[in-house]
Structures are given as C-alpha cells and as structure tokens.
Amino acid sequence: MKITDVRAVQPVAPGSPPDWRTSLGQILVAIDTDAGLTGYGVGGGGLAGIHVVRSVLRDILLDQDPEPVELHWQRMYRATLPFGQKGLAIMALSGVDLALWDLRGKARKEPVACLLGGKVGQPIPTYITLWDEVPAEMVNQHRAFKLHIHSPNVTEVADRIEKTRRLLGPDIPLMVDAWMSWDLDTTLDLADRIKTLNIAWIEEPLPIDDLAGYDELSRRCPIPIAGGEHEFTAAGFRDWIDHRRHQIVQPDICWCGGMTEVVKIFEMAKQGGVGVCLHRGAEIWGLHAIAALDDNPLAESGRPWMTWVGGQPPIENGYIRLDDRPGFGVDIDEDRLHLLYA
Ligand SMILES: [Mg+2]
C-alpha cells in the first residue's frame, strides 16, 4: 500500500465556539492510499497547522508505505524540529500520526485499541468539566466531575468546592482546574482549606513554565497535582515524570504528538509511578488509548464542537464504550464538511 495524498482542512460545526478552538483550531487530516483506504486524524494549529501539513509533512509521506508509523513520526519530527518541538508543529504532526494509526487499523481490520493489546466494548467511566457549578440533574450522568475555577480569591474558590462536594456526597471524585491562573501561595493556601474534601487533583494551578513552583508543590501540596495538556511529545513529558512535578499527567492525543507519543508517555508514567488521565479522553482518538493502556480509566467528556467527527460512541449514564470497527471507527462525511480553511 502506498500513500497517494495527505490532506488537511479546518472544519467548523454549527455552534462552534468563537475562540481559540476554532480560530487556531482543530484540523482534520486525511491520508489517502492506492488501496482505496483513507485514514483520518485530528490535530491542531488551525491554518498554520494546515500549512505545516501541506508544505512539510505531506512530502515526507507521499509514495511511502503507511505502515512504519513510528519511523514516519521520527522523520516528521526531525523535519519540523528547527521550528517545532512544541506547540503547533507538533499539533499538526499529531493529526497526521493519528491518520496513520487509523490506516494501520483499517489495513489490519482491527480497532486501534486492539492493535495496542486492549479490548473494545468495556464500559469506561467518564467525567465532565464544568465552568460554574454542577447542576443537580447532572450528578447521575458522569462518574466524576471537574470544576474550572480561575478566580484567585481563595475563600470564594474554597466555598464553591465545598458546596459542590456537599451536592455530590463524599465519594464521587471531584477535581479542580485553574488553567494556570494561580501562583504558588494561592495554590498552597487553597489546598490547605480543601484538603479534607476528597479532591482527586488540582489541575494546572501554575503557568507551565513555573518549574520551580511545581517542584515546590510536589513537595508541599497535600492534594495531587495534575497537568500536561500544554506539554508536547514523550521527550517533553520525561522531565515532568522524572521529577514527579505532576502526580497525574494529562497529554492531549490530538496535540502532544498523536498515538505514537501517547504510547510512550503511558509507559514512562507507569515506570515512574505517575498516573495518566488524557485531556479530552472521551473523544475517539484518546478513547482507544485509554481502552488499551490505562489501568485506571477515566475519560474526560468530549467537546460538543467536534460534531464533524462522526461515529463517536455516546456517553450513557457516565460510561462510554468503543465498538469493534477498524481503525478509530470514525465516519467523516467529507462532502458535508463546512470548512473554515480548505
Ligand atoms: Mg485543563
């Protein structure tokens, strides 16, 4: 089998939020072959990511056998390294990597999860991320909940978390995500106030560049620290895992280098005694990794704007199950895609 084309576009769906997800947003990568199979992946980087695919990555793959995915990854990484390593070049590469994994599964007529040694069909528990509070009617819809709270007002944040814990009862896992909005003292002060509330993790309390701050938190914070949605490649995660700056790492499979890197990150994390909880794990690409690689599965619920990726399994009563379709099992109706950048 030979690759005949590598295409990248930026689809939009009705209701797509007018923010970074669409302005510098998710891109669809399609890899066509002379066997009539097309592999699909989703990466990031918007128009800039599309440019990287078309002007650099496409030429590396044309006329090649798609099978040696890991070899192609290395060649694409080397080609983008001078201007890449992290950020949008790797986000673009991620979409290409996932499309190659989709082709690998389709060629072998197996789901990607099975290629990785896992099974499909088991219920994987889900959690949902909410910005303000957990509506009472949602408590039975997910197995865990995460509150996005950016306010640096520790009293207000602690009150909101306490109220949510009362609503959920003592046992349902509850997490807090600050999206890099706090500093070291704020985080330690808050952690001290909420340490008896059974909080599973505090996510990205500090900017990702504050390595000294995370070192300090790993020594002093009574609540586990999670993060990694803004880190890239297995090489990037190695340092975080070796220094145990996070107790849970959260790679985003569509941004961090694709399945090829997520496989390595799971392996490193297991060896380093660190947990993994994929960012946006209930989206189809991450779900296959969770089904195969995760000893403690918990899938973050998908994002409603990616409706152009068809075939994603529904979340039912807080669980999501993969079916047995080959590759990632996605349906992309290319004729009906509404494109922001074509
Ligand atoms: Mg987050």
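1. Let's start with Met180 in this predicted model. Met180 counts as partly exposed because 16 other C-beta atoms lie within 10 Å, a count that falls between the cut-offs of 20 or more for buried and 12 or fewer for exposed. You will find Met180 in the loop between strand 6 and helix 7. Which residues does Met180 contact, leaving aside its neighbours within four places in sequence? They are Glu204, Leu206, Pro207 and Ile208. Try locating His150 as well: Met180 and His150 are 30 residues apart in sequence, yet their C-alpha atoms are 8.0 Å apart in space.

2. Stay in that loop for a moment and look at Trp179, which also sits between strand 6 (174-177) and helix 7. Its phi is positive, near 45°, and Trp179 is a residue other than glycine. As a reminder, most residues other than glycine have a negative phi. Is Trp179 buried, exposed or partly exposed? With 14 other C-beta atoms within 10 Å, Trp179 is partly exposed.

3. Gln85 makes a good companion example. Although Gln85 is not a glycine, it has a positive phi of about 70°. Look for Gln85 in the loop between helix 3 (69-80) and helix 4 (88-108). Gln85 has 14 other C-beta atoms within 10 Å, so it is partly exposed.

4. Now for helix 6, which covers residues 154-168. This helix has 15 residues, and the distance from its first C-alpha to its last is 21 Å, close to the 21 Å expected at 1.5 Å a residue. Just after helix 6 comes Gly169, with a positive phi of about 85°.

5. Helix 6 has a partner in helix 7 (residues 184-194): the two pack at an angle of about 35°, and their axes are 10 Å apart. The crossing of helix 6 and helix 7 is right-handed. Which residues meet there? From helix 6 come Val154, Val157, Ala158 and Ile161, and from helix 7 come Thr186, Asp189, Leu190, Arg193 and Ile194. The residues of this contact are 6 nonpolar, 1 polar and 2 charged.

6. Helix 2 (residues 46-61) is worth a look for its bend. Where is the kink centred? It is centred on Val53, and the kink is about 35°. Val53 is also one of the buried residues of helix 2, together with Gly46, Gly49, Ile50, Val52, Leu57 and Leu61. After helix 2 comes Asp63, with a positive phi near 70°.

7. Compare your picture of helix 2 with helix 10 (residues 259-272). Its 14 residues should span 20 Å at 1.5 Å a residue, and its end C-alpha atoms are 20 Å apart, so the two values agree. The buried residues in helix 10 include Met259, Thr260, Glu261, Val262, Ile265, Phe266 and Ala269. Gly273 takes a positive phi of about 70° just after helix 10.

8. For a buried residue in a helix, turn to Ala99 in helix 4. Why does Ala99 count as buried? It has 32 C-beta neighbours inside 10 Å, and the cut-off for a buried residue is 20 or more. Not counting residues up to four places away in sequence, Ala99 touches Val29, Ala30, Ile31, Gly39, Tyr40 and Gly41. Val6 is 93 residues from Ala99 along the chain, while their C-alpha atoms are separated by 9.4 Å.

9. A loop residue can be buried too, as Cys277 shows. Cys277 is in the loop between strand 10 (275-276) and helix 11 (284-293), and it counts as buried because it has 25 C-beta neighbours inside 10 Å. Leaving aside neighbours within four places in sequence, Cys277 is in contact with Ala226, Ile248, Gln250 and Leu298. Cys277 and Gly228 are 49 residues apart in sequence and 9.6 Å apart in space, C-alpha to C-alpha.

10. Let's finish with Gln122, in the loop between helix 5 (112-115) and strand 4 (124-130). Is Gln122 buried or exposed? Gln122 counts as exposed, with 12 C-beta neighbours inside 10 Å. Gln122 is in contact with Ala291 and Arg321, leaving aside its neighbours within four places in sequence. Gln122 and Tyr319 are 197 residues apart in sequence, but their C-alpha atoms are 9.1 Å apart in space.

Technical notes:
Residues numbered from 1 in each chain as written. Predicted model: local features only at pLDDT ≥ 70, side-chain atom pairs only at ≥ 80, totals over all residues. Helix = DSSP H or I, 4+ residues; strand = E, 2+ residues; numbered from the N terminus. Expected span 1.5 Å × (residues − 1). Bend = angle between axes of the 7 residues up to and from the residue. Axes fitted to C-alpha atoms, helices over the stretch in contact; angles between N-to-C directions. Left-handed = near helix turned anticlockwise from the far one by under 90°. Contact = placed C-beta atoms within 7 Å. Nonpolar A, V, L, I, M, F, W, Y, C, P; charged D, E, K, R; others polar.
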